[in-house]
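Here is a quick briefing to read alongside the model. Take a look at the fold, then work through the bullets by topic.

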Amino acid sequence: MPLAKFESMLKRTMGLDIQSIGRPMLERALQERQGSCGVADLDAYWLLLQMSEPEQLQLIESVIVPETWFFRNREAFQEMAQLQQRWPRLISASQPLRILSLPCSTGEEPYSIAMALLDAGVPPSHFQIDAIDISPQSLHVARQAVYGKNSFRGDYLSFRDRYFALNEQGYALSETVRQQVRFAQSNLFAADLLAGQAPYDIIFCRNLLIYFDRTTQHQAVTILLRRLAPEGLVFVGPAESALMMLHELTPIKAPMAFAFRQGAPKQEIARTLPPTVAYVPLAPAPRTTTARSNPAMTRTANGNPAMLPPQASLATAQLLADQGKLSEAAAVCEQFIRQHGASAAAYYLTGVIHDAADRKQAAAECYRKALYLEPNHADAMTHLAALLQTMGDYTGAKLLQQRARRSAENNPS
């Protein structure tokens with residue numbers, strides 16, 4: 001039996017463009033479910049599928065592959081945590097900050113949001129988080145809130161000591177964080193999605209739109225914007241930024257966070273440096289006076305140019321990128337590489353800067369260089385996989401996603 005009917009069903013129920021995961025994955029999922037149901041062939045399974053909503057959910061479970069961890073792309077959480085400083089009127093006990101995480105997968109994203117706000121000093125009564133996913137299995141894991149080592153990646157894991165307790169099952173999340181998140185089973189295209197709910201000040205919808213075709217992508221963004229409060233923020237994945245520019249959204253001057261504001265701002269909001277929080281240990285801006293011709297250079301007492309130390313140079317590039325000065329940030333990274341030699345961190349940062357500026361080929365080249373120097377660089381693998389999706393290289397993206405999962409399993413933090 002042709003796969004077209006199954007492809008149409010998945011697109012109708014969850015918006016999935018089968019090209020984004022590849023037909024071989026659908027074929028494997030159908031074989032698995034056919035065997036589990038004990039039916040003779042795909043024709044019989046199709047008939048069963050029409051009569052059983054639970055089996056439709058089981059098929060969806062088989063084709064979606066959750067790939068998430070705590071504080072994934074932490075710049076987004078850093079930017080969100082600035083709301084108390086930038087828009088204090090939004091956060092109060094009488095008008096709590098409303099946040100939506102969709103899809104929330106196994107809970108790492110909405111719980112990261114809660115930890116970020118608590119670390120920023122926002123009282124629990126001043127914000128609430130709704131978390132939605134299509135997968136009952138993922139939601140069960142999220143509600144249990146006990147995680148293995150694969151959910152903790154990178155070098156910034158001090159939040160684990162503050163909010164988790166290790167037991168025989170894994171790392172159990174504290175009740176302080178758990179009570180901030182309300183989980184529900186639904187999907188972005190459900191007719192009754194969030195019926196009767198007030199608009200959200202912040203929406204996280206990251207790395208979902210890449211699984212839709214262009215028409216469905218625009219439908220999805222339209223649905224999200226209906227749920228977003230005036231001047232609210234929506235966070236997307238790095239490969240989805242260009243799509244958002246086609247709608248009535250304004251990118252905020254923190255491009256590595258991939259965040260957009262509803263409508264055009266009435267006036268530019270002053271950018272303040274982020275507070276020091278454990279999961280975003282950005283180095284402060286260099287205290288020395290920078291040369292106008294090159295932000296990575298200072299002047300010695302006799303006026304001769306002097307190189308900044310490696311950390312300060314990359315921190316300068318980070319700060320320039322946060323200010324929306326993407327060309328200058330990229331130039332600082334290139335200068336750093338010329339001065340100090342090839343570096344996976346520098347190439348990765350350059351790739352993210354190019355990604356934010358929608359320079360896809362340049363970004364892909366930088367991610368590949370970072371992976372050549374550091375084959376297990378999880379963020380470079382994840383960003384390159386998302387980028388390849390948008391460029392139509394679905395096979396390459398899938399291989400990278402699998403490689404990232406294997407790397408995380410073999411090299412737990």
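**Starting point: Glu 27**

Glu 27 is partly exposed, with 38% relative accessible area. The residue belongs to helix H2. Keep in mind that this is a predicted model. Glu 27 also has a distant partner in sequence: Leu 3 is 24 residues away along the chain, yet the two C-alpha atoms are 8.0 Å apart in space.

**Salt bridges**

- A search of the whole structure turns up 7 salt bridges, and three of them are walked through here, beginning with Glu 7 and Arg 23.
- Glu 7 and Arg 23 have their closest N and O atoms 2.7 Å apart. Glu 7 sits in helix H1 (residues 4–14) and Arg 23 in helix H2 (residues 23–37), so this pair ties together parts that are 16 residues apart in sequence.
- Of those two, Glu 7 is buried, at 16% relative accessible area, whereas Arg 23 is partly exposed at 36%.
- Helix H2 also supplies Arg 33, whose side chain meets that of Glu 55 in a salt bridge. The N to O distance there is 2.9 Å. Glu 55 comes from helix H4 (residues 53–63), and the two residues are 22 apart along the chain.
- Buried or exposed, for Glu 55 and Arg 33? Glu 55 is buried, with a relative accessible area of 7%, and Arg 33 is buried too, with 12%.
- Arg 182 and Asp 130 form another salt bridge, at 2.8 Å from N to O. This one links strand S6, home of Arg 182, to strand S2 (residues 127–133), home of Asp 130, across 52 residues of sequence.
- Arg 182 is partly exposed, with a relative accessible area of 45%, while Asp 130 counts as buried at 7%.

**Aromatic rings**

- The count of aromatic pairs comes to 18. One of them is Phe 189 with Phe 212, an edge-to-face pair with 5.3 Å between centres and 65° between planes.
- Both rings of that pair sit in loops: Phe 189 between strand S6 (181–185) and strand S7 (200–204), and Phe 212 between S7 and helix H11 (214–226). The two are 23 residues apart, and the pair links distant parts of the chain.
- Phe 189 is partly exposed, with a relative accessible area of 24%, but Phe 212 is buried at 5%.
- Ring pairs also join a set of Phe and Tyr residues into a cluster. Among its members are Phe 70, Phe 71, Phe 77, Tyr 111, Tyr 147, Phe 152, Phe 164, Tyr 171 and Phe 235.

**Charges over rings**

- Which ring does the charged end of Arg 98 sit over? It is the ring of Tyr 200, whose centre is 4.3 Å away.
- Arg 160 lies over the face of Phe 152, at 5.0 Å from the ring centre. Phe 152 is also one of the residues in the ring cluster.

**The three-stranded sheet**

- An open sheet is built from 3 strands in the order S3-S5-S4, with antiparallel pairing. Strand S3 (146–147) and strand S4 (164–166) are the edge strands, each pairing on one side only.
- S4 and strand S5 (residues 171–173) are joined by 3 bridges in the antiparallel sense. Within this sheet, Phe 164 stands opposite Leu 173 in S5, and Phe 164 also belongs to the ring cluster.

**Around strand S8**

- Strand S8 (residues 228–235) is mostly covered, with 6 of its 8 residues buried.
- S7 and S8 run parallel, joined by 4 bridges, and Ile 203 stands opposite Val 234 in S8.
- With H11, these two strands make a right-handed β-α-β unit.
- S8 also pairs with strand S10 (residues 259–262), antiparallel this time, through 3 bridges. Phe 260 in S10 is the bridge partner of Val 234.

**From the UniProt record**

- An unreviewed UniProt entry lists residues 344–377 as "repeat: TPR".
- Over residues 344–377 the model is 79% helix and 0% strand, and the end C-alpha atoms are 8 Å apart.

Conventions: Residues numbered from 1 in each chain as written. Predicted model: local features only at pLDDT ≥ 70, side-chain atom pairs only at ≥ 80, totals over all residues. Heavy atoms only, no water. Phe/Tyr/Trp six-rings, centres within 6.5 Å; stacked < 30°, edge-to-face > 60°. Buried < 20%, exposed > 50% of the residue type's maximum accessible area, 1.4 Å probe, protein only. Lys NZ or Arg CZ within 6 Å of the ring centre and 35° of its normal. Pairing = 2+ DSSP bridges. UniProt positions renumbered as here; feature names shortened; annotations may be inferred. Salt bridge = Lys/Arg side-chain N within 4 Å of Asp/Glu carboxyl O. Right-handed = clockwise from strand over helix to strand, strands pointing away.
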